[in-house]
Amino acid sequence: MNKIRTILVITIGALSIARADHHSDSEDIQEVTKAVHHMYELANNLKSWQSMISSKGSHHFFSSGGLLNFITNDTEFGTIEKNTIRPKHITILPVEPGKVAVAMFYAEGSLKLKGSSPVDHYMTRASVVFVKEEGSWKIRSMHWSPIAGGQGTSSVSMKED
């Protein structure tokens, strides 16, 4: 009888842990999906994503094919004049529940930054690494690559020559 009780306690405990982990993944998926949509709400309201950058900064490969850039909360971005880019087919991969997740999606639309040529058919694949800081998901790394038939941005670097 004690063996059966022990087996039941272990089984119920294991199921509870599995359910808790699954619930955490589901929560992360919902929260990070909202964070991806929030990125585009900011840009579509002519604001940058600076408020979403990790306090440790973020490494970015731009869709132009330029070199790796390190972005901080006070990095100056070009002024957005028009943005209709929207994320599509968002997939979230929780890496460490409640702490780290990767968002993978397509981004499509048009973009016009002040002083730059418009990008009329922006179409890229994106991978964004999010980390949870002080209760909200922040961007730690981004990688953008154009899809055949689409364009990336014309920006190649955040540094002035």
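Hi everyone, let me start with a single residue: S136 has a relative accessibility of 29%, so this serine counts as partly exposed. S136 sits in strand β7. Its C-alpha lies 9.9 Å from that of G98, although the two are 38 residues apart in sequence.

Before going further, please keep in mind that this is a predicted model. How confident is the prediction, on average, for this protein? The mean pLDDT is 82, and 77% of the residues score at least 70. Among the elements, helix α1, residues 2-44, has the lowest confidence, with a mean of 70, while strand β4, residues 86-96, has the highest, at 96.

Two stretches fall under 50. One is residues 11-23, where the model has zero contacts beyond four places in sequence. The other is residues 155-161, and there the model does have 16 such contacts. Where pLDDT is low, the predicted coordinates should not be read in detail.

Now the overall layout. The protein has one helix and seven strands, and along the sequence the helix comes before the strands, in the pattern α-β-β-β-β-β-β-β. Of the 161 residues, 33% count as buried. If you take the contacts with a separation of 6 or more, 59% of them are between residues 24 or more positions apart. As for the outside, the protein exposes about 10,000 Å², with carbon and sulfur atoms supplying 57% of that area.

Let's go inside. The largest nonpolar core holds 29 residues, and the ones with the most contacts within it are M39, Y40, F105, F130, I139 and W144. Which elements give two or more residues to this core? They are α1, β5 (100-113), β6 (119-133) and β7 (136-146). Helix α1 gives the most, with seven residues.

F130 is a nice one to click on. Beyond its neighbours within four places in sequence, F130 touches a long list of residues, including V32, A35, V36 and M39, then M52, and also W137, K138 and I139. K99, V100, A101 and A103 are in contact with F130 too.

On to the charges. Side chains of opposite charge can pair when their charged atoms come close. A search of the whole structure turns up four salt bridges, and I'll show you three.

In one of them, K132 pairs with E31, with the closest N and O atoms 2.8 Å apart. K132 belongs to strand β6 and E31 to helix α1, so this pair ties together parts that are 101 residues apart in sequence. Are these two partners buried or exposed? Each is partly exposed: K132 has 29% relative accessibility, and E31 has 28%.

Another salt bridge joins E81 and K112, where the closest N and O atoms are 3.8 Å apart. Here the link runs between strand β3, residues 80-83, which holds E81, and strand β5, which holds K112, with their positions 31 residues apart. E81 is partly exposed, at 42%.

The side chains of K99 and E96 also meet in a salt bridge, at 3.5 Å from N to O. K99 is partly exposed at 47%, and E96 likewise counts as partly exposed, at 39%.

Last stop, the surface. L93, V95 and M104 make a nonpolar patch of about 260 Å². L93 is in strand β4, and with 46% relative accessibility this leucine counts as partly exposed.

That's my tour, thanks for listening!

Terms used. Residues are numbered from 1 along each chain as its sequence is written. This is a predicted model: local features need pLDDT of at least 70, side-chain atom pairs count only at pLDDT 80 or more; totals for chains, interfaces and linings use all residues. Side-chain values use heavy atoms; hydrogens and water are left out. pLDDT is the predictor's confidence in each residue, from 0 to 100. Helices (H or I, at least four residues) and strands (E, at least two) are DSSP runs, numbered from the N terminus. Contact means heavy atoms within 4.5 Å. Patches are made of residues with over 30% relative accessible area and no salt bridge: like charges are joined within 9 Å, nonpolar side chains (Val, Leu, Ile, Met, Phe, Trp, Tyr) within 5 Å. Accessible areas come from the Shrake-Rupley method with a 1.4 Å probe; for residues, only the protein chains shown count as cover. Buried means under 20% relative accessible area, exposed over 50%, partly exposed in between (1.4 Å probe, protein chains only). A nonpolar core is a set of buried Ala, Val, Leu, Ile, Met, Phe, Trp, Tyr and Cys residues joined through side-chain atoms within 4.5 Å.
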